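Q: Hi! I'm new to this one and would love a quick tour. Could you show it to me?

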Amino acid sequence: MLSKLFNKRKLQIYAPVTGVILTLDQVPDPVFSQKMMGEGIAIMPMNGNIHAPIDGTITLISETKHAIGLLSNDGTEVLIHIGLETVSLKGQGFTVTVNTGDRVSVGQLLIEVDWEYIREHAKSIITPIVITNSAEKNVHHERTKECLIGETVIMVTSPK
């Protein structure tokens, strides 16, 4: 009985983009590699746009469209940061399809991305996915190398 209750408290976080999974210490940016924003993983995108990794609510869309924050039903805060040093693109290469406050479901399109533009004009297309309130959560990284949008579980969180 207790294990059933515990399992209900776990949150599966799905891949928001298809690609190759990297650990945060492989991200060439100290904000992410030193986990200043929180625990998580990164994805080197192979193709596709950014889709919802959880069921939840959009809490943040950066003015420059390069980052989006979501809040799950259990209170987990997920930040998707598209590429590195992409704030300097001033929104170019990104088309946001949702609004702050919108309820979204796993796999729902959030942001269309012009990966070629990002690749040419930003430091990297590496996309960190971070649990910004990971100090309050146990975060388990799934041991997989590649992921598919909305199908591959990349992380599982549970309350501490």
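A: Here is a short chat about the surface, a sheet and a pocket, and the model is a predicted one.

Q: Thanks! Which residues form a nonpolar patch on the surface?

A: That patch is made of Val31, Met36 and Met37. Together they have about 250 Å² of accessible area.

Q: Where does Met37 sit?

A: Met37 is in a loop, the one between α2 (30-33) and β3 (39-47).

Q: And why does Met37 count as partly exposed?

A: Its relative accessibility is 32%. Partly exposed covers values between the buried limit, under 20%, and the exposed one, over 50%, so Met37 falls in that class.

Q: Switching topic: what is the strand order in the open sheet?

A: The order is β4-β10-β8, three strands with antiparallel pairing. At the edges are β4 (50-51) and β8 (94-96); each has a single partner strand, so one side of each has no neighbour in the sheet.

Q: How many bridges are there between β8 and β10?

A: Three bridges, linking β8 to β10 (residues 109-113) in the antiparallel sense.

Q: Which residue of β10 is opposite Phe94?

A: Phe94 faces Val113 there.

Q: Now pockets! How much space lies in the largest one?

A: About 250 Å³. The largest pocket is lined by 15 residues, and the closest to its centre are Ile21, Leu22, Thr23, His141 and Arg143.

Q: What do β2 and β3 supply to that lining?

A: At least two residues each, from β2 (18-23) and from β3.

Definitions and conventions. Residues are numbered from 1 along each chain as its sequence is written. This is a predicted model: local features need pLDDT of at least 70, side-chain atom pairs count only at pLDDT 80 or more; totals for chains, interfaces and linings use all residues. Side-chain values use heavy atoms; hydrogens and water are left out. Patches are made of residues with over 30% relative accessible area and no salt bridge: like charges are joined within 9 Å, nonpolar side chains (Val, Leu, Ile, Met, Phe, Trp, Tyr) within 5 Å. Accessible areas come from the Shrake-Rupley method with a 1.4 Å probe; for residues, only the protein chains shown count as cover. A salt bridge is a side-chain nitrogen of Lys or Arg within 4 Å of a carboxyl oxygen of Asp or Glu. Helices (H or I, at least four residues) and strands (E, at least two) are DSSP runs, numbered from the N terminus. Buried means under 20% relative accessible area, exposed over 50%, partly exposed in between (1.4 Å probe, protein chains only). Two strands pair if DSSP finds at least two bridges between them. On a 1 Å grid over the protein atoms alone, a cavity is a set of points where a 1.4 Å probe fits but cannot get out, and a pocket is an open set with protein on both sides within 12 Å along at least five of seven lines; lining residues have an atom within 4 Å of a point. Grid points are joined across faces, edges and corners, and a volume is the space filled by probe spheres set on the points.
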